[in-house]
Amino acid sequence: MERFIRRAIATWTVDERTLKIVEILRRNARTPKSKIAKELGITETAVRKRIRGLEEKGIVVGYKAIVDYRKLDMVFSFTGIDVDPEALLDVMTKLKEIEQIDALYLTTGDHNLMAEIVCKSMAELEEVHRKIGELKGVRRICPAIVTEVIRV
């Protein structure tokens, strides 16, 4: 059975219904599969299979709650990190080990990397930024501290 499922996922393609599932999950990952099925006019089993395919192909890489950390007296930062190209892989590997870094993105534009950092205090955030700045190949750190969640 497992082999059959893996083969089915390997040949599976993204269609309009699958894209609609992605959009629904993006807006609210807790939307019941039965509600998605009703909206798309397909079975709940079909929705489950499509979501599993999205997960196994690495299209949906996770689910998380969006938290207003200020209300918990915590600090949340989107931090841009500029890295020398030859050090990029090493820096990414080391950044993945820092527990306060909630998410890490390779980007184009102003910064090579963007990190979502969550800390218990401003002092802890400053310490994380100091650690990042000491990594070989890091040229610049540009934090943007979130002061209020407007819309998610």
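**Aromatic residues.** I looked up the aromatic cluster first and found that Tyr69, Phe76 and Phe78 form one. The model is a predicted one. I counted the aromatic pairs, and the structure holds two. For Tyr69 and Phe76 I noted ring centres 5.4 Å apart and planes at 45 degrees, so I entered the pair as tilted. A stacked pair would need planes under 30 degrees apart and an edge-to-face pair over 60.

I then checked how accessible these two residues are. Tyr69 has a relative accessible area of 15%, so I put it down as buried. Phe76, with 14%, is buried too. The cut-off I applied for buried is under 20%.

**Asp73.** I went on to the loop between helix H4 (44–56) and strand S1 (75–83), where Asp73 lies. Is Asp73 buried or exposed? I read a relative accessibility of 67% for Asp73, so it counts as exposed. I also looked up its backbone: phi of Asp73 is near 60 degrees, a positive value in a residue other than glycine.

**The sheet.** I traced four strands in an open sheet and wrote down the order S2-S3-S1-S4, with antiparallel pairing. Which strands stand at the edges? I found strand S2 (101–106) and strand S4 (138–145) there; each has a single partner strand, so one side of each is left without a neighbour in the sheet. For the twist I recorded an average of 20 degrees from one strand to the next.

I took S2 and strand S3 (residues 113–119) in detail and found five bridges between them, in the antiparallel sense. In one of these lookups I followed Ala103 to its bridge partner in S3, which is Glu116.

**Helices across the sheet.** I checked helix H5 (residues 88–95) and found that it lies across S1, S2, S3 and S4, running at about 160 degrees to S2. Helix H6 (residues 122–133) also lies across S1, S2, S3 and S4, and I noted about 160 degrees between H6 and S4.

**H2 against H4.** Last, I looked up how helix H2 (residues 16–27) packs with H4: the angle is about 80 degrees and the axes are 10 Å apart. I therefore entered H2 and H4 as roughly perpendicular to each other. On the H2 side I listed Arg17, Thr18, Ile21, Val22 and Leu25 in the contact, and on the H4 side Val47, Arg50, Ile51 and Leu54. I sorted the residues of this contact of H2 with H4 into six nonpolar, one polar and two charged.

Definitions and conventions: Residues are numbered from 1 along each chain as its sequence is written. This is a predicted model: local features need pLDDT of at least 70, side-chain atom pairs count only at pLDDT 80 or more; totals for chains, interfaces and linings use all residues. Side-chain values use heavy atoms; hydrogens and water are left out. Helices (H or I, at least four residues) and strands (E, at least two) are DSSP runs, numbered from the N terminus. Buried means under 20% relative accessible area, exposed over 50%, partly exposed in between (1.4 Å probe, protein chains only). Two strands pair if DSSP finds at least two bridges between them. Axes are lines fitted to C-alpha atoms, for helices over the stretch in contact, and angles run from 0 to 180 degrees between N-to-C directions. Contact means heavy atoms within 4.5 Å. Angles under 35 degrees count as roughly parallel, over 145 as roughly antiparallel, 65 to 115 as roughly perpendicular and the rest as oblique. Ala, Val, Leu, Ile, Met, Phe, Trp, Tyr, Cys and Pro count as nonpolar, Asp, Glu, Lys and Arg as charged, and the others, Gly among them, as polar. Rings of Phe, Tyr and Trp (its six-membered ring) pair if their centres lie within 6.5 Å; planes under 30 degrees apart count as stacked, over 60 as edge-to-face and the rest as tilted.
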